[in-house]
Amino acid sequence: MSDISIIVRKMRTFAERSMAHRGIGFPEQLVLMSLLANGESNQESIAAEHGIDRGAIAKTLAKLEAKGLVARKVNSKNKREKIVCATPEATSVFNEMRASFVELDNTLFSGFTPKEKASACDLIARMAANLQEAVAAPVSAATACDAPAAASASPADAATTGKERL
C-alpha cells in the first residue's frame, strides 16, 4: 500500500470519527463543504463535482435533509429540478468540521517547517491537478491495454522501490 493511500484512508477515518457524535459521515461532510463553499446547487452538479453517481448523492442528500442540514426547493426555471441549499444549522456543523480539520492539519504537518509544509502542499496540488486531467481524459485503448501490465509488476519491482504498486 502506498503512503498516499494510507494518508487518504486515515484522513477519511479521522473525518468520520470527528463527526460521528453528530451522525455525519464523510460523504455528507463533502456535500456540506461543497454547498457552503459554492452556494446552492443541483444534485447533478454536486455528483459531478465529487465524481459520485447521482443515486449515491440522492441518498446522502436525503440523510442531510432528515438531519435539517440541507433543504431542497423546486428550481423556478426548471420545475423538474430541485435546488439544494445548506440550512443555518449546517453552518454550525461546518464550523465544527473546520475545527477538526485544523486539528488534522496540525497533526499531519507536525514537525514540518513552514517551507516544508508549503512544498508538500504544492506537490499535492500538482498531483491533484494531474489526476483531475487524467480522470477528465477519455480512456484510450492503449491505456486500457497497458493497465494489466502495470498491475502485474513483479514483487521484485516492489521490493526494489520499497513500495508496492497501486
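This report covers the salt bridges, one helix pair and a nonpolar surface patch of a predicted model. Local features need pLDDT of at least 70 and side-chain atom pairs count only at pLDDT 80 or more, while totals for chains, interfaces and linings use all residues. Residues are numbered from 1 along each chain as its sequence is written, and side-chain values use heavy atoms, with hydrogens and water left out.

**Salt bridges**

Side chains of opposite charge can pair when their charged atoms come close. With a salt bridge taken as a side-chain nitrogen of Lys or Arg within 4 Å of a carboxyl oxygen of Asp or Glu, the count comes to seven. Three of the pairs are tabulated here.

| Basic residue | Acidic residue | Closest N to O |
|---|---|---|
| Arg22 | Glu89 | 3.2 Å |
| Arg72 | Glu65 | 3.0 Å |
| Lys117 | Asp105 | 2.8 Å |

Lys117 lies in helix α6 and Asp105 in helix α5, so this salt bridge ties together parts that are 12 residues apart in sequence. Helices here are DSSP runs (H or I, at least four residues), numbered from the N terminus. Salt bridges that share partners also join Arg22, Glu89 and Glu96 into one network.

Within that network, Arg22 forms its salt bridge with Glu89. The pair links distant parts of the chain, 67 residues apart: Arg22 is in the loop between α1 and α2, and Glu89 is in helix α5 (residues 88-108).

Accessible areas come from the Shrake-Rupley method with a 1.4 Å probe, and for residues only the protein chains shown count as cover. Buried means under 20% relative accessible area, exposed over 50%, and partly exposed in between. Arg22 is partly exposed at 32%, as is Glu89 at 38%. Glu65 has 35% and is partly exposed; Arg72, at 25%, is partly exposed. Lys117 is partly exposed with 29%, and Asp105 with 26%.

**Helix pair**

Helix α2 (residues 26-38) packs against helix α3 (residues 43-50) at an angle of about 110°, with the axes 11 Å apart. α2 is therefore roughly perpendicular to α3, a term that covers angles of 65 to 115 degrees. Axes are lines fitted to C-alpha atoms, for helices over the stretch in contact, and angles run from 0 to 180 degrees between N-to-C directions.

**Nonpolar patch**

Ile4, Val8, Leu123, Ile124 and Met127 make a nonpolar surface patch of about 460 Å². Patch residues have over 30% relative accessible area and no salt bridge, and nonpolar side chains are joined within 5 Å. Helices α1 (3-18) and α6 (114-136) each supply at least two residues, and α6 gives the most, with three. Leu123 is in helix α6 and, at 44% relative accessibility, counts as partly exposed.

Technical notes. Patch = residues over 30% accessible without salt bridge, like charges linked within 9 Å, V, L, I, M, F, W, Y side chains within 5 Å. Buried < 20%, exposed > 50% of the residue type's maximum accessible area, 1.4 Å probe, protein only. Parallel < 35°, antiparallel > 145°, perpendicular 65-115°, else oblique.
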